[in-house]
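Here's a quick look at how charged side chains pair up in this protein. Have the structure open while you read.

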Amino acid sequence: MKDAITVKIDENGIAELVFDLPDSSVNLLSIAVLQELEKKIDVIAVDEKVKALLFSSAKEGIFIAGADISEIKAFSDETDAYAKVREGQMILSKICSLPFPTVAIIDGAALGGGLELALCCDFRLATDSKKTKIGLPEVSLGVMPGFGGTQRLKRLVGLKKAVELILGSKLLSGKKAELLGVVDACVPAGYLDFKKETFLKSVLERKERAKIVSRRHRATLLERFLPNVILRYARKEVMRKTKGQYPAPLALLNLYEKTEKILFDEAMELEARTFASLSVTGISKNLIGLFFTSESLKSEKGTEEAVALSDIKISAVIGGGVMGSGIVWLFSKADLLVRLKVRRMEQVGTAFKSISRSYEAIRRRKRLTRREIEIKMDHITYDTDFTGLRQCDIVVEAIVEDSDAKKMLYETLEDIVDERAVIATNTSSLSISSLAEDLMHPERFIGMHFFNPVNRMPLVEVIAGKKTSAQTIATVVSLAKKAGKTPIVVGDCAGFLVNRTLLPYINEAVRLLEEGEDLLRIDALLSEFGMPMGPFTLADEVGLDVGHKVVKVLEEAYGERMRPSPLFDVIVKEMGLLGKKSGKGFYLHAHKKKSPNAAVTEVVTERHSFNEDEIIDRTMLVMVNEAARCLEEGIVKDAAYLDMAMVLGTGFPPFRGGLMRYAQNRGIDNVVVTLHRLANAYGSRFEPAALLVEMAGDGTNFYEE
Ligand code: NAI
């Protein structure tokens with residue numbers, strides 16, 4: 001195989017190791033590449049001509065993207081993982097002992113192992129290219145830096161920043177990395193060659209070199225004398241955010257605590273040991289599985305057909321409610337021109353309030369300046385009639401969930417908008433093919449299902465009707481990606497994939513409540529399981545009226561198994577509770593506090609405390625069962641995409657790897673046996689899906705191990 005690293009040495013004795021992994025768009029530090037690196041470093045180390053050594057990449061937009069994650073995924077034995085990571089540490093440490101200055105030239109992604117290599121160099125020069133991203137994101141994969149990154153980053157930027165950067169898996173721009181001291185300088189990408197020369201000159205000149213080093217971080221008093229205060233605070237934050245469900249962040253903090261008072265070499269050894277123990281855990285395998293799915297989603301076009309994408313520059317959104325304003329915000333942020341059509345002028349004020357709130361959240365995180373936001377807000381115009389829609393490339397409909405109202409609107413729209421414009425609906429449950437029944441041009445009609453709140457939820461379900469063209473699908477997939485969302489193409493059925501799978505879970509929670517279980521206990525148990533919030537809190541957030549409409553659509557489509565608990569009907573139809581937006585739902589909401597709504601709990605006369613496992617089995621397996629039916633019917637491509645959709649659309653706990661990964665980790669046999677038992681005890685809605693029964697019979701799984 002061709003080498004991954006070439007060595008160049010010029011007449012002035014400046015050596016350069018250029019990474020360019022053959023047949024790959026990225027550079028990775030696999031074990032083979034590390035061994036090649038070692039050989040090349042050993043030769044350069046004794047070459048007396050060499051005055052300085054640069055590390056760079058020949059790949060566009062990439063320095064080194066990290067260690068080879070598929071190798072980490074394959075680790076199953078802790079001793080073996082330890083031996084491999086120790087070897088990597090030893091090889092990279094050789095860079096630190098070279099007898100001449102070393103410089104990493106970072107023009108592109110320097111992540112994980114890539115940054116750890118750069119941290120072994122004496123100096124780091126980055127560019128301001130948009131592709132330059134610098135960070136140690138290993139914790140997001142359930143592990144931690146293992147090639148010395150925890151120790152060398154701490155030395156360079158101090159304990160506090162190191163903890164923040166690693167725990168947050170933060171990816172820094174070149175400028176930000178310079179500001180935090182992770183790199184010594186950030187230069188304009190266009191002038192890299194020239195700036196590199198100047199930087200190298202400074203590095204080779206003793207006084208100038210000292211100047212660079214003098215700008216680096218010096219340990220603060222807190223870091224020197226009370227590092228435990230920093231660690232204690234960080235631990236509290238980790239527990240608040242993760243409830244202790246992710247071992248890697250806690251292991252990192254323990255490592256920092258233990259390595260405060262020991263020698264560097266001992267700390268490195270301990271780092272390797274901790275890395276090895278994390279790398280073989282199920283949680284790390286689950287998180288790495290999701291990482292690979294998100295990578296494969298990046299290259300999804302939504303269709304196998306080679307089609308030309310329509311150019312989308314001008315958009316319109318119909319309906320300025322919760323979802324309409326969210327979509328207007330998103331499109332304006334993605335620099336599309338947006339026309340908002342509302343029914344009454346006073347709705348514009350509410351919509352703009354919500355749009356400004358979403359922008360304000362970004363400004364606070366310093367992602368956009370006030371001026372940049374003003375420019376983006378200027379992309380938005382509005383009216384109560386359809387003027388300005390003729391030149392639109394796409395119209396997204398976000399009006400009430402009522403099929404007649406939607407169809408009437410499409411009729412008007414088809415008379416106004418251009419024939420080639422895409423018409424998308426944000427319906428959360430209605431069949432796309434039925435909505436398209438009366439259209440003149442059903443080929444340009446599609447479902448583009450955003451999740452609430454649009455500014456925070458990353459998923460967009462893309463749903464093609466029977467007559468939707470491949471071009472329309474590809475155009476909408478590409479638009480969703482451009483807007484920073486993750487589109488997943490799903491089949492056209494009532495509730496699509498996510499709501500169809502999630503609603504039975506909420507229904508089941510309401511049944512448990514009706515059978516006498518305590519509302520707070522159900523919410524608490526499912527939060528502990530890892531759901532971002534309990535089912536009653538979620539139902540109140542979504543809006544009980546909205547949820548009820550969807551439940552009814554699902555009941556009509558799927559019958560008995562989706563029938564809502566009578567209690568749900570009472571709460572919505574008789575008591576008129578709407579959830580958080582009206583202050584009353586399963587909870588009473590006052591400011592930021594909520595307490596169970598006695599009006600609801602009093603309706604239930606029974607009292608019964610279920611076993612914890614029973615509550616989890618009923619709520620989780622009812623979802624697994626419906627999701628298996630979706631797979632059976634081809635509603636989603638495979639279990640990996642289904643899992644990603646549930647993680648991104650409902651916040652299903654990533655550490656569990658997704659819903660089907662959870663089922664697989666329990667054992668498909670166990671799932672089927674439990675479903676049979678639940679069906680006997682509670683009714684036919686638990687009858688296991690044919691796919692699960694078949695898999696249990698054949699001993700097959702959703703994922704290959
Ligand atoms: P909403 O009730 O907040 O807003 C609907 C807006 O549409 C209102 O401002 C209403 O005045 C307007 N509207 C109604 N009929 C209209 C018409 N004929 N022409 C123009 N405007 C009209 O509802 P929301 O929550 O924004 O939902 C909109 C759509 O998005 C629905 O199809 C819903 O199923 C879907 N959806 C809702 C989600 C949620 O969590 N609320 C999540 C994902 C999708």
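What follows is a short tour of some salt bridges and where their partners sit.

Keep in mind that this is a predicted model. Counting salt bridges in it gives 49. Three of these pairs make a handy set to look at:

| Acidic residue | Basic residue | Closest N and O atoms |
|---|---|---|
| Glu346 | Arg344 | 3.2 Å |
| Glu515 | Arg618 | 2.9 Å |
| Glu626 | Arg629 | 2.7 Å |

Start with Glu346 and Arg344. Glu346 has 54% relative accessibility, so it counts as exposed. Arg344, with a relative accessible area of 42%, is partly exposed.

Now for Glu515 and Arg618, whose closest N and O atoms are 2.9 Å apart. Glu515 is in the loop between helix H21 (498-514) and helix H22 (519-529), while Arg618 belongs to helix H27 (residues 612-632), so this salt bridge ties together parts that lie 103 residues apart in sequence. How buried or exposed are the two ends? Glu515 is partly exposed at 25% relative accessibility, and Arg618 is buried, with a relative accessible area of 0%.

Helix H27 also holds the last pair in the table, Glu626 and Arg629. These two are 3 residues apart in the helix, which means about one helical turn separates them. Both Glu626 and Arg629 are buried.

Which residues join that pair in a network of salt bridges? Glu626 and Arg629 are linked with Arg500, Arg561 and Glu633.

Notes. Residues are numbered from 1 along each chain as its sequence is written. This is a predicted model: local features need pLDDT of at least 70, side-chain atom pairs count only at pLDDT 80 or more; totals for chains, interfaces and linings use all residues. Side-chain values use heavy atoms; hydrogens and water are left out. A salt bridge is a side-chain nitrogen of Lys or Arg within 4 Å of a carboxyl oxygen of Asp or Glu. Buried means under 20% relative accessible area, exposed over 50%, partly exposed in between (1.4 Å probe, protein chains only). Helices (H or I, at least four residues) and strands (E, at least two) are DSSP runs, numbered from the N terminus.
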